[in-house]
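Colleague: Could you take me through one part of this model with some care, beginning with how burial is judged and then following the contacts outward?

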Amino acid sequence: MANSQPCHKKPKGEPEYESKPDGSSIAIIGGTGFEKALSSPRLMEVETPFHYKPKVYLGEVSGYPVIFLPRHGLSHEFPPHKVPYKANIWCLRHLGIERIVATNLVGSINPSLKPGDLVVPHDLIDFTKGRDATFYDGTPVVHIDFTKPYCPQIRRALIQAIKGLGEKVWDRAVYVCTEGPRYETPAEIRMFRRLGADIVGMTSCPEASLARELGLCYASICLVSNMAAGMQRRLTTKEVMKVAEERGGILLRAIEETLRLIPKARRCGCRRSLDEASLRSNGTLKVAFQSLL
Ligand SMILES: [Zn+2]
């Protein structure tokens, strides 16, 4: 059994917050700083069985209760290959979250997609190498269905929200996730393009599959920050952050609209990810699943 207790301990020097998240809350996983968009954000630290206590903000965006989890830590201390993905996803499930909207900065591999564009990917390719990528390391052996890596219901809401703002949206795209933290080489980008990838980033894997392993809905809104290696002269973090700053406002408005549009009832198959996923009976699997929580 997981040895974790719900923990709302305050980090040293932080004020204490006792309120728990609302059951209808939706989690947003994104870059450091998004908490500024929350009204009355309250910080909470959550104990997990994974030797890391994620810190999340509870608050509201346009009146909707949300939990914001800064993927890279409160002060952006984790590079993409060191993000505690398992602790982050486990923590959200532990807090009762069922649905996650992620934001990702990406490079464009498809020449049609330009810096500043918004993309809602429908599929992904995992080219990461050394990440702790599953909750199911032992018995029973579990293989979840990942035919639809991103929740179709949240994808629909994201696409509708972006269109409603009068913005162009790329509503189908294949995201390839690299290990990082370096950017890719031109030869790698040419290979990814031949494999059918449209955008490249470093953070969607294993975040998306871990969410599915726990039966959570997960979809992503991606902001193109640059053309990928070999498609522009050189890549700089400064350039990436400039686009993020310029388009951050529209990203926030898209998320606000999405919160309004996500239907209350889950009518996708994400929560049934563990049906027929085990080589043993579902009863055994249920025990394994519950032991994670
Ligand atoms: Zn779903």
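Modeller: A residue counts as buried if 20 or more other C-beta atoms lie within 10 Å of its own, as exposed if 12 or fewer do, and as partly exposed in between. Because arginine 131 has 19 other C-beta atoms within 10 Å, it is partly exposed. This is a predicted model, and the description that follows should be read in that light.

Arginine 131 is placed in the loop between strand S7 (123-127) and helix H2. If its neighbours within four places in sequence are left aside, arginine 131 is in contact with His81, Tyr85 and Pro206. The C-alpha atom of arginine 131 is also separated by 9.9 Å from that of proline 80, although the two residues are 51 apart along the chain.

One of those contacts, Tyr85, leads into helix H1, where it is among the buried residues. H1, which spans residues 85-94, is mostly covered, with ten of its ten residues buried; among them are also Lys86, Trp90, Arg93 and His94. The buried residues of H1 pack against the strands S1, S3, S4 and S5 (99-108), and against helix H4 (207-213). After H1 comes glycine 96, which has a positive phi, near 95°.

Of the strands that H1 packs against, S4 deserves a closer look. Five of the seven residues of S4 (residues 64-70) are buried, so this strand is largely enclosed by the rest of the structure. Strand S1 (residues 26-30) runs parallel to S4 and is joined to it by five bridges, with isoleucine 26 standing opposite valine 66. Strand S3 (residues 55-61), by contrast, pairs with S4 in the antiparallel sense, again over five bridges, and here glutamate 60 has proline 65 as its bridge partner in S4. S3 and S4 form a hairpin with two residues between them, and in the turn serine 62 has a positive phi of about 50°.

On the other side of the loop that holds arginine 131 in the sequence is H2. Helix H2 (residues 152-164) packs with helix H5 (residues 237-261) at an angle of about 125°, their axes being 8 Å apart, and the two helices are therefore oblique to each other. Their crossing is right-handed. Residues of H2 that make this contact include Leu158 and Ile162, and those of H5 include Ala254 and Leu261; by class, the contact has six nonpolar, three polar and one charged residues.

Technical notes. Residues are numbered from 1 along each chain as its sequence is written. This is a predicted model: local features need pLDDT of at least 70, side-chain atom pairs count only at pLDDT 80 or more; totals for chains, interfaces and linings use all residues. Helices (H or I, at least four residues) and strands (E, at least two) are DSSP runs, numbered from the N terminus. Two strands pair if DSSP finds at least two bridges between them. Axes are lines fitted to C-alpha atoms, for helices over the stretch in contact, and angles run from 0 to 180 degrees between N-to-C directions. Angles under 35 degrees count as roughly parallel, over 145 as roughly antiparallel, 65 to 115 as roughly perpendicular and the rest as oblique. A crossing is left-handed if the near helix is turned anticlockwise from the far one by less than a right angle, and right-handed if clockwise. Two residues are in contact if their C-beta atoms, placed from the backbone, lie within 7 Å. Ala, Val, Leu, Ile, Met, Phe, Trp, Tyr, Cys and Pro count as nonpolar, Asp, Glu, Lys and Arg as charged, and the others, Gly among them, as polar.
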